[in-house]
Structure formats: structure tokens, C-alpha cells
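Me: Please go through this model with me, starting from one helix and moving on to the sheet. I will ask short questions and would like short replies.

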Amino acid sequence: MTCRRRTVALAGFALLLLGCGASSQDGAPAEDQARQAERDRMVADQLVARGVTDPGVLAAMRRVPRHRFVPGSYARFAYADGPLPIGHGQTISQPFIVAFMTEALALQGREKVLEIGTGSGYQAAVLAELASRVLTVDVVEPLAKQAAGLLAELGYANVTVRAGDGYRGWPEEAPFDAIIVTAATDHVPPPLLDQLAIGGRLILPLGGSFQTLTLYRRTGDGYERTELVPVRFVPLLREDRTHRNGRP
Ligand code: SAH
């Protein structure tokens, strides 16, 4: 897709060859095919091998072009088994963690999902493949803007990005069928619990410098809580970008 767009912009046969490389027999540019092969390998070696089974999640992880969501200098590491820096002191999570958290939300296709911590927009794109609408918030405005631009360019019309403090959730759009927090906090922001629909699921890394991915499910009369796996995320920040831990 990158190449096709670039081709339109450059509109020259020589540049087309320079920018995209040779086309393969079925017409897909060789670079796209190479990226697809990397994604297929990532899914087999990092996700299926570690127990991710949801076919929708695996298909989404095969589809979303992760290399577009990392800075150009890291594109060749985009499908490696780890997190990567995305600027502003933030990181895009390891592919396995993205898949694991997404699978835990058990999306069926009709859900309205809230993400706190847009970052690169990658997790939002994966969610957008599996849910009806995704609303995502980041406290770092340049990250929110960049992610919004990229998601629009890639055709994710069902994602809305906002700059702001996700601790408050997105009350005007509540309730949400699923909420995912991709920054660490030592307590669940109460507004997020309030904005979860009955039957809805919320997943977040809960703890101090080391955290546990924790899943909440809202029932008719409360919340069920399940601790899943140990993780390390960057911290949830206040609007002035200081550490969020400790209640406001
Ligand atoms: N989900 C992202 C990675 C998130 S990294 C991806 O797929 O790339 C954590 C993100 O949380 C960072 O971008 C950081 O700016 C954001 N963040 C930290 N505190 C926040 C807050 N209070 N509200 C919203 N976003 C916050």
C-alpha cells in the first residue's frame, strides 16, 4: 500500500521501480510480500507458539503492517520479538503482548472499544480489525496526531483518536464493551470501571515498576478480576507528563 501511494505521488516509471522494487508474479510489490512473510513468521513463532489461538486475532496480526507504525530507522526490526521505541520516551509493545491483550478482550465484531495509550496506533489498528469502533486517547499530543494520520492513511475509518488524559476515560462515548490500557498504573482508574458496559472487559498492566496484566469483567452486580501474566509497561502519566501513580 505504501508503494502504491508513493507511486501515485511520484508518478514516474523510474521512480516507481526505485521506490517499490520489482513486482512479483501476482502483482503485489516484492517488498509487501517480504513484509507479509515476516508477519506470517511472527504469528507462527511468537504468537501461535506461545498459545494465542483466536483466529481473528491471528488474522489481524497477519494483516496490520506493524512496520508502518515504528520509526523508519526501526522498520527492519518491526517484526522482531520485542517492544520498540516510538519517540517521546514511549514504546510500541511486543507483538505477543498486543495479541495476548487483544485475545483477552474476546471481541466478536460489534464492540465499541476504548484504548488508553494510543502511542503508535498499532494496537488500535489491531483492535479496529476485530471491533466495530475504536476510540483511543493519548496524553502526548504529537503521538496522537501522528497515529491519527497514519490510521486514516491506512484506511482505519472506524478509529477515532483524541489527545488528552485517558485516566478520565471518554465519558461522552461510554459505555464501552471493552477497555484496554496500554500504560502501567498502580490502581484501576475509577472512571474506566464506571465506563465499562455490563458484560464488558477491561485489561490493564497493574502494579509499580513491574506489573501484572489484569482482566476485569463487569457483571450485573460488580466486577470479576483475573490476574494473567507479569509484564513491564511504560507508566500512565498525568497531563503534565509526571508519573501517575498514587490517586489524584
Ligand atoms: N498502544 C501503543 C503503545 C502504548 S505506549 C501502541 O500500540 O503503540 C503507552 C502510551 O500511553 C504512550 O504513548 C503514552 O503517551 C500514553 N499515555 C501515558 N499516560 C497516558 C494518559 N494518562 N492518558 C493517555 N495516554 C497516556
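**Helix α4 and the sheet**

Reply: The model is a predicted one. In it, the buried residues of α4 make their packing contacts with α3 (30–47), α5 (95–104) and α6 (122–128).

Me: Which residues of α4 are buried?
Reply: Helix α4 covers residues 55–63. Buried here means under 20% relative accessible area. The residues of α4 that are buried are Val57, Leu58, Ala60 and Met61.

Me: Why do they count as lying on the same side of α4?
Reply: The residues in question are Val57, Leu58, Ala60 and Met61. They are on the same side of α4 because the arc they cover around the axis is only 160 degrees.

Me: Which exposed residues does the face turned away from the buried side carry?
Reply: Exposed stands for over 50% relative accessible area. On the face of α4 turned away from its buried side, the exposed residues are Pro55 and Arg63.

Me: Which backbone nitrogen does a side-chain oxygen of Asp54 reach at the start of α4?
Reply: The approach is to within 2.8 Å. A polar contact needs N or O atoms within 3.5 Å. The backbone nitrogen reached by the Asp54 oxygen belongs to Gly56.

Me: What is the strand order in the open sheet?
Reply: The sheet has seven strands, and their pairing is mixed. At its edges are β5 (159–163) and β9 (222–231), each of which pairs on one side only. Neighbouring strands are turned against each other by 15 degrees on average, direction ignored. The order is β5-β4-β3-β6-β7-β8-β9.

Me: Over how many bridges do β8 and β9 pair?
Reply: Strand β8 spans residues 211–219. In β9, Gly222 is the bridge partner of Thr219. The pairing of β8 with β9 is antiparallel, and the number of bridges is eight.

Me: What angle does the direction of α5 make with that of β9?
Reply: Helix α5 packs on the sheet and touches β6 (176–181), β7 (196–207), β8 and β9. Its direction and that of β9 make an angle of about 165 degrees.

Me: Which strands does α7 touch?
Reply: Helix α7 is made of residues 141–153 and packs on the sheet. Its direction makes about 165 degrees with that of β5. The strands touched by α7 are β4 (133–138) and β5.

Me: What share of the residues in the protein is buried?
Reply: The protein holds eight helices and nine strands. Its accessible surface comes to about 11500 Å², with 54% belonging to carbon and sulfur atoms. Of the 248 residues, the buried share is 48%.

Notes:
Residues numbered from 1 in each chain as written. Predicted model: local features only at pLDDT ≥ 70, side-chain atom pairs only at ≥ 80, totals over all residues. Heavy atoms only, no water. Helix = DSSP H or I, 4+ residues; strand = E, 2+ residues; numbered from the N terminus. Buried < 20%, exposed > 50% of the residue type's maximum accessible area, 1.4 Å probe, protein only. Areas by Shrake-Rupley, 256 points an atom, 1.4 Å probe, with all protein chains shown as cover. Arc of directions from axis to C-beta. Contact = heavy atoms within 4.5 Å. Polar contact = N/O pair within 3.5 Å; in protein donor to acceptor, adjacent residues only side chain to side chain. Pairing = 2+ DSSP bridges. Axes fitted to C-alpha atoms, helices over the stretch in contact; angles between N-to-C directions.
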